[in-house]
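Q: Please take a close look at a single part of this model. Work outward from there to its surroundings, and keep it brisk.

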Amino acid sequence: MTDPVIGRDELVAGLDRLGLGPESIVFLHASLRSFGRVDGGAETVLAAVRQVCGTVLMFGAVGDRTGVPAPPGLVRPNNSFYEADSWAAFDAAVAAATPARPGLPTDAWLGAIAAAFADQPDVISGDHPLYPFRAAGDHAEELIKAQRPDLMLGPVDALDRLAGDVLLLGVGHHANTTIHLAEQRLGRSLFYRYAVVAPGVWAEVPNVSGESHQFDDLEPQLAAATTETMIGNCRARRVPARAVLAAATSVIMNDPAALLCPDPDCRCGGAFRQRLAVLAAE
């Protein structure tokens, strides 16, 4: 049986059912495939979200082009990253990388909707050399100004201040970047990464967040705060960012290993050790 084609009007109606409106500030995480078939594809989904919501924020990534390994011998505690085998290999990686600059294509792993959003002419972008957030609408400038190269999650902090929402369209909490802010406020998931910022020039970039593949474990704690509907085949959810932060903070305070996998070689292992170090210093 062929999936029905979803149009803009159905998307708008579904977003209306979530209680969204012109004053809404949403951090959008979305999968185009989750809807089934959408007339007009990613652009139609974005048109509907932007028609309903006053401000839209999305995560961005260009690190597949700009990122490089750590230079030899630069080992940060609990950093869960690889270093180049030699300075020759590191120099080759720097030479092969694309220097960070506005307008770089979005990394493919983020999907069609994130890529289409980044290409819209009125969308503004952060200047992070690995993960530039993108935003459009009434509060876009305030959100994007909160990001710095040393403050990757600044826009999420601004979303919290503005009482915005997380909007999950066909994705789980494993895509919910807001949970990383709760981690970082508790001293974990704070990693150093490396990027080329000009031809032949590399920089160390602090406060990069870690893994999220266990974040769906937070869903039961968020059930009461979640508004949900179906749009075609897409499970659409709206959760206040403050509720996400409060729930994540609570579970991590109770268990430093919460929302992390047990693999010590994963970034989850590094985040766990970071949290233990904070507790030991208290």
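A: **Helix α7 and its surroundings**

The buried residues of α7 are Gly154, Pro155, Val156, Ala158, Leu159 and Asp160. Buried means under 20% relative accessible area, exposed means over 50%, and partly exposed lies in between (1.4 Å probe, protein chains only). Helices (H or I, at least four residues) and strands (E, at least two) are DSSP runs, numbered from the N terminus.

The model is predicted: local features need pLDDT of at least 70, side-chain atom pairs count only at pLDDT 80 or more, and totals for chains, interfaces and linings use all residues. Residues are numbered from 1 along each chain as its sequence is written, and side-chain values use heavy atoms, leaving out hydrogens and water.

Since 6 of the 8 residues of α7 are buried, the helix is largely enclosed by the rest of the structure. The cover over those buried residues includes strands β2, β4 and β8 (165-169), along with helices α6 (140-145), α8 and α10 (241-254). Just after α7, Ala163 has a positive phi of about 60 degrees.

Take α8 next. The axes of α7 (residues 154-161) and α8 (residues 178-185) come within 9 Å and cross at roughly 95 degrees. That makes α7 roughly perpendicular to α8. Val156, Asp157, Leu159 and Asp160 of α7 make the contact with Thr178, Leu181 and Arg185 of α8. These residues divide into 3 nonpolar, 1 polar and 3 charged.

Some terms used here need their cut-offs. Axes are lines fitted to C-alpha atoms, for helices over the stretch in contact, with angles from 0 to 180 degrees between N-to-C directions. Under 35 degrees is roughly parallel, over 145 roughly antiparallel, 65 to 115 roughly perpendicular, and the rest oblique. Contact means heavy atoms within 4.5 Å. Ala, Val, Leu, Ile, Met, Phe, Trp, Tyr, Cys and Pro count as nonpolar, Asp, Glu, Lys and Arg as charged, and the others, Gly among them, as polar.

Helix α8 also holds Glu183. This residue is buried, at 0% relative accessibility. Beyond residues up to four places away in sequence, Glu183 touches Arg188, Ser189, Glu211, Phe215, Ile252 and Leu260.

Now the strands in the cover. Met58 sits in β4 (residues 55-58) and is buried at 4% relative accessibility. Leaving aside neighbours within four places in sequence, Met58 contacts Phe27, Leu28, Leu46, Ile113, Ala114, Phe117, Phe133 and Arg134. Its C-alpha atom is 14 Å from that of Leu32, 26 residues apart along the chain.

Two of those contacts, Phe27 and Phe133, bring in the aromatics. Rings of Phe, Tyr and Trp (its six-membered ring) pair if their centres lie within 6.5 Å; planes under 30 degrees apart are stacked, over 60 edge-to-face, and the rest tilted. The count comes to 9 aromatic pairs. The ring centres of Phe27 and Phe133 are 5.7 Å apart and the planes lie at 45 degrees, so this pair is tilted. Phe27 belongs to β2 (residues 25-30) and Phe133 to the loop between β6 (124-125) and β7 (134-137), so the pair ties together parts 106 residues apart in sequence. Phe27 is buried at 0% relative accessible area, and Phe133 is buried at 0% too.

Another pair joins Phe90 and Trp202: the centres are 5.2 Å apart and the planes at 90 degrees, so it is edge-to-face.
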